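Reader: Hey, I've just opened this one up and I'm new to it. Can you walk me through a few parts?

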Amino acid sequence: MKVLLSWLREFAPFEGDPVELGDQMSDLGMAVESIDHVGGGLDGVVVARVLALRPHPDAERIQLVDVDAGDGEATQICCGAFNMAEGDLVPLATLGTTMANGMTIERRKLRGEWSNGMLCSARELAMGDDHEGIWVLPGDLALGTPLAEAIGVTPDVLYDLEINPNRPDAMSVAGVARDLAARLRLPFELPTPKPRRAGADAPWGAGRPPTVEISAPELCGRFHVRVLEDVVVGSSPAWMAHRLRCAGMRPINSVVDVSNYVMLELGQPNHTYDLDLVSGPGLRVRWANDGERITTLDDAERTLDGADGVIADAEDRAIGIAGVMGGASTEISASTQRVLLEMAWWDPMTIARSSRRLGLRSEASMRFERGCDPEVVERAAERFAELLATSGATLLAGSLDARGELPDRQPVRVRTARVNRLLGTDLDAGAVAAELTPIGFTCASAGADLDVVVPSYRYDTRTETDVVEEVARHLSYSSLPSRRPASPQTGSLTDRQRDRRRLRAVVAGLGLAEAMPSPLLSPEQLERCGAPTDAMVLTNPMAAEESVLRTSLRPGLLAAVAHNAAHRNPGVRLFEVGTVFLPTDGVLPDEPEHLGVALAGDEAPAAVAVLDVVLESFGIEGWDLHNEPTPGLHPTRSARILLPAGAGPTEAGWVGEIDPAVVEALGIDERVAWLELDLAAVLARPAGPAHYRTVSRFPSSDVDLAFVVSDDVSAMALRRTLVAAGGDLVAWVRLFDTYRGAGIEDGHRSLAYRVRLQAADRTLTDAEVAEVSAAMVAAAGSHHQARQRG
């Protein structure tokens, strides 16, 4: 909603920095989205009359306009708008004028024709949002007069406010002013309208008295009717048109503009009927009939249903959709002389449903949906008549006021203790009342508490908590003490559960998908995968192929790899965190929790890389691998995992590759890297410190080093030696090949590593790379009697 500061000042004496006033409005919950200065920058813009219009000889989208700027001379303007007619008054930016956007108007030629100024839209003058054509001014302005003087515009401030649905009172200028004045402790006053009144001896004038009937009291809580005579439909005063433009509305005619102006000012939508076109002239509020049709003001025929409300005439013909849009049959026109004015309160939910179903969401329906003030209708009607009096309209003395069902406004008991408990404050009843009274809440003492009567314009405020919210708003949320609410601890994760979640996140972060194979297997599956076959046997298995409990995670994950391979989906990367069941001397098995990883299409180093990341994430250093064969794994590409411990290394699982015979038996056509880790050995250890290193932005260099070493030398030990020898320049070292065969003596094997070297502060030279490589080779020879293989 857009609000002018000058308009707010008609209700309270607001002074000071406009930005600070905007901050106060935002703090009250009416967030200021923008602040614009309007009405300034009009120097050089004058009122001109259109003398002639003719096509541009060489441009279809430009016309030549001759205007008189008050000097009696015809000035040619090239213009791209076509909404003008001869005789219209328009704003002319003369040569040398600096526009609101900083552009200077100069004489220039467009397609061979001279343009000696610019005709302006409202947006180009920062006087509104309308930019669909040239701003056609009221016809009574003096020719050649500076525009600001002619329309009575002075520099002003325009606030664009975001009004939430729970603030129906702030959908009006008066409501915003009331809220802001209360915060600033300024006097607020709704001026008393002074319409031009007709004599009381003929309360309904020369016509028949209208009648009003509410047949659907649940739809309409109040229906107020007044009649105006001697109405002359014409243009609105320039000041009113200016305010409407700033609020985002296009001026139409004096009656429609006054209707919109009252809605913006007081928050009360209204509707006007040409009284001479209303049959009867009685009005009836009822529910629509299913399939009933009405042509609305936008000349569209609409089909209604029984959930829509209508206003019908004395012949029961619908002439308006309740709270949404009027009918075309009683529309105000240039010939209208008598106006029947409707001010009503409609059920918000009914209006919301109808406007959405019909696709007719308007400024009026939006206000009715949020809940209008049923007690402002008399003031709004008289304000309407006051504004229209400048054109000669008179307000007849007669009025009709029909009542339906209005919201219950019983006092709300507000407990001071409850206020303080919710807000963290220490207020007494007097302090609470001091915040509520300026915004129209009536407070009566009830011991230490208050009985609060909510004003009629606060349809949203119904409960004690709603009232407390109003106290908080005017105290300012920013001034309330902050605290952490105490709540009972209803449960939490154990350390083991947190570690398990962390482990899953780490492995999933490496690109592996979690699998959940069944723990029930057949003895043949265990044997085929090389897993221990001394398994717990079920007494009453559901099926013969599920008669034992697994002793390893290997059969289940390999079965998943085989299933994917059979469906032409090779290269799957799977993991499982699950329990294995190991027989004991007692009745129940030992149930350690393991991590299993199967990497189809990868070799043993890939499984070692996963192991490295997992152990590093838990801060475990100094671990080692001991090469030795184990059933189900590759005889020369597998190793036992050893973790450091005070009394000596602790076994924690196996890493390597699946035995080729097992892979072939399962129908898998690729190698499968394997890791199985006993989580008890990992998670029972205290976590070490986390290590971080700078991510270098400089290029890296890769070096491949192959060594022949004794079978007694573990690949991990040699890897640690290479890392230590390279120092801070080593980004990582990875084993990528193990070889036994021709050229390698018995009891030895070849280990090939890829080393990535990278400095944090520079690009390494070839000499530096060679120097580090030589240091690694020397360290491998001295520590492990390793011989570099060429």
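Author: Sure, and one term will help from the start: buried means under 20% relative accessible area, exposed means over 50%, and partly exposed is in between. Keep in mind that this is a predicted model.

Reader: Okay, let's try that out. Is Asn-260 buried or exposed?

Author: Asn-260 has 18% relative accessibility, which is under the 20% cut-off, so this residue counts as buried.

Reader: And where does Asn-260 sit?

Author: Asn-260 belongs to helix α6. If you skip its neighbours within four places in sequence, Asn-260 is in contact with Leu-244 and Met-249.

Reader: What about the rest of α6, how many of its 13 residues are buried?

Author: Twelve of them, so call the helix mostly covered. The buried ones include Val-255, Tyr-261, Met-263 and Leu-266.

Reader: What span should α6 have, at 1.5 Å a residue?

Author: The 13 residues, 254–266, should span 18 Å, and the end C-alpha atoms are 18 Å apart, which agrees.

Reader: What's going on at the start of α6?

Author: There, Asn-253 has a side-chain oxygen within 3.1 Å of the backbone nitrogen of Val-255. After the helix comes Gly-267, with a positive phi near 80°.

Reader: Switching topic: how many salt bridges does the structure hold?

Author: There are 55. Take Arg-226 and Glu-382, whose side chains meet in one of these at 4.0 Å, N to O.

Reader: Which parts does that pair tie together?

Author: Arg-226 lies in strand β12 (residues 220–229) and Glu-382 lies in helix α9 (residues 377–388), so the salt bridge ties together parts that are 156 residues apart in sequence. Arg-226 counts as buried because its relative accessibility is 7%, and Glu-382 counts as buried too, at 17%.

Reader: Got another pair?

Author: Try Glu-369 and Arg-361, whose side chains form a salt bridge at 2.5 Å, N to O. Glu-369 counts as buried, with 14% relative accessibility, whereas Arg-361 is partly exposed, with a relative accessible area of 47%.

Reader: And what does Glu-628 meet in a salt bridge?

Author: The side chain of Arg-640, at 3.0 Å, N to O. Glu-628 is in the loop between β30 (624–627) and β31 (633–643), while Arg-640 is in strand β31, and the two are twelve residues apart.

Reader: Is Glu-628 buried or partly exposed?

Author: Glu-628 counts as partly exposed, because its relative accessibility is 23%. Its partner Arg-640 has 16%, so Arg-640 counts as buried.

Reader: Which residues do salt bridges that share partners join into one network?

Author: The network takes in Arg-167, Asp-169, Asp-179, Arg-458, Asp-460, Glu-470 and Arg-473.

Reader: Nice. Now sheets: in what order do the four strands of the open sheet come?

Author: The order is β35-β36-β34-β37, with antiparallel pairing.

Reader: Why is one side of β35 and of β37 left without a neighbour?

Author: Because β35 (730–739) and β37 (787–788) stand at the edges of the sheet, where each has a single partner strand.

Reader: How many bridges join β34 to β37?

Author: Two, and these strands run antiparallel, with β34 covering residues 701–710. In one of the pairings, Phe-707 has Gln-788 of β37 as its bridge partner.

Reader: What do strands of a sheet pair through, in general?

Author: Backbone hydrogen bonds, in either a parallel or an antiparallel arrangement.

Conventions
Residues are numbered from 1 along each chain as its sequence is written. This is a predicted model: local features need pLDDT of at least 70, side-chain atom pairs count only at pLDDT 80 or more; totals for chains, interfaces and linings use all residues. Side-chain values use heavy atoms; hydrogens and water are left out. Two strands pair if DSSP finds at least two bridges between them. Buried means under 20% relative accessible area, exposed over 50%, partly exposed in between (1.4 Å probe, protein chains only). The expected span of a helix is 1.5 Å times one less than its number of residues. A polar contact is a pair of N or O atoms within 3.5 Å; within protein, one must be able to donate a hydrogen and the other to accept it, and residues adjacent in sequence count only if both atoms are side-chain atoms. Contact means heavy atoms within 4.5 Å.
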